[in-house]
Amino acid sequence: MQFASIWCSNLRNTLVSSQNHNLLRIGTSGGWEILDAGRWTFQSLTMKVKARDQKLENDKPCNIRLELLDGTVKRRSRANVNKSELQNFKSIQQCDVQQSVTERTELSQLITVLVFDIETTGFRRSHDRIIEFALQDLFGGRNSTFQTLVNPQRFVANTDIHGISTNMVNRHDVPRWKELAPILVRYVQSRQKPGGIVLWVAHNGRRFDVPFLIKEFSRCSMDIPSDWFFVDTLPLARLLVKPDGSKLSSFSLKSLREHYEIPLLGEAHRAMSDVNMLSLVLQKMTFELKIPISGLVERSFKASDLAL
């Protein structure tokens with residue numbers, strides 16, 4: 001696993017006012033720096049990688065390969081969650097969560113940000129299937145990444161795009177989505193903060209990744225959890241400008257990587273590689289556009305908002 005940058009806003013003061021938010025950027029010596037009211041604070045970041053196999057208990061034995069990213073962040077201060085605020089948040093109806101999160105300063109501590117990407121057998125969600133899934137929790141910590149191939153139980157005709165062949169996925173040791181879905185839900189729950197929401201981030205997610213995810217869950221007679229919210233970074237990319245003030249000529253993830261001069265980590269169009277890339281792009285893009293976590297929440301949508 002290559003190094004992946006962790007992006008987040010300072011948890012003490014992220015929400016409520018666009019005039020009073022903190023942003024994060026990568027330091028020149030490999031750590032990260034917080035810009036806070038004109039003061040710079042440098043903190044070191046240490047990463048290491050472990051890999052494990054997790055067995056699925058089902059009628060057909062199969063293994064999911066999880067790539068686990070352990071992160072240790074040394075902090076000079078801790079943000080405290082006000083218990084009364086936490087209790088109030090738990091009573092908020094899901095339909096009001098975006099407005100409520102924006103109005104409460106300390107509730108940024110209740111948001112889990114997951115960058116994710118999928119690879120599929122094609123572009124028709126009614127027919128095609130997911131063949132690879134990867135995500136990264138941007139707040140890091142132990143087991144902060146999840147990656148697996150998925151058995152579509154059909155021929156993969158577009159190997160030239162992502163490099164995933166039929167023989168790689170149509171195997172008894174590669175899980176089908178109906179076997180993967182409950183494991184994925186439990187994994188996300190293990191990352192979710194008590195009483196909080198999960199903010200999923202994908203590039204072109206509204207038109208591609210999220211509809212595919214909804215369709216795969218539907219095939220398993222499962223609904224997307226109501227506390228999962230989604231953010232599409234494509235509209236954010238359209239707000240970017242070049243140094244000369246002109247708009248970007250392309251808003252693809254590849255073009256954004258080149259715009260920010262980010263080196264390619266791994267193979268392009270593989271799920272984990274694209275997740276790593278989008279994590280870096282998101283950090284730079286939100287810094288440039290001055291968008292804190294509350295801004296992402298305000299731009300989010302739910303699975304039920306999409307008319308499929």
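**View 1. L114 of strand β6 and its partner in strand β9.** In this predicted model, L114 stands opposite W200, a residue of β9. The two strands, β6 (residues 111–120) and β9 (residues 197–202), run in the parallel sense and are paired over five bridges.

**View 2. Strand β6 beside strand β7.** β7 covers residues 130–137 and pairs with β6 in the antiparallel sense, over seven bridges. D117 has A134 of β7 as its bridge partner.

**View 3. The two faces of strand β6.** β6 is mostly covered, with ten of its ten residues buried. On one side lie I111, V113, V115, D117 and E119, and on the other T112, L114, F116, I118 and T120; both sets are buried. L114, which faces W200, and D117, which bridges to A134, therefore belong to opposite faces of a strand whose residues count as buried at under 20% relative accessible area.

**View 4. Helix α6 and its kink.** The 15 residues of α6 (residues 205–219) reach 19 Å from the first C-alpha to the last, close to the expected 21 Å. A kink of about 25° is centred on P211. Just after the helix, S221 has a positive phi of about 60°.

**View 5. The buried residues of helix α6 and what they pack against.** Buried in α6 are G205, F208, D209, V210, P211, F212, L213, I214, E216 and F217. P211, the centre of the kink, is thus one of the buried residues of the helix. The elements packed against by the buried residues of α6 are β6, β7, α5 (177–191), β9 and β10 (228–232).

Methods. Residues numbered from 1 in each chain as written. Predicted model: local features only at pLDDT ≥ 70, side-chain atom pairs only at ≥ 80, totals over all residues. Heavy atoms only, no water. Buried < 20%, exposed > 50% of the residue type's maximum accessible area, 1.4 Å probe, protein only. Helix = DSSP H or I, 4+ residues; strand = E, 2+ residues; numbered from the N terminus. Pairing = 2+ DSSP bridges. Expected span 1.5 Å × (residues − 1). Bend = angle between axes of the 7 residues up to and from the residue. Contact = heavy atoms within 4.5 Å.
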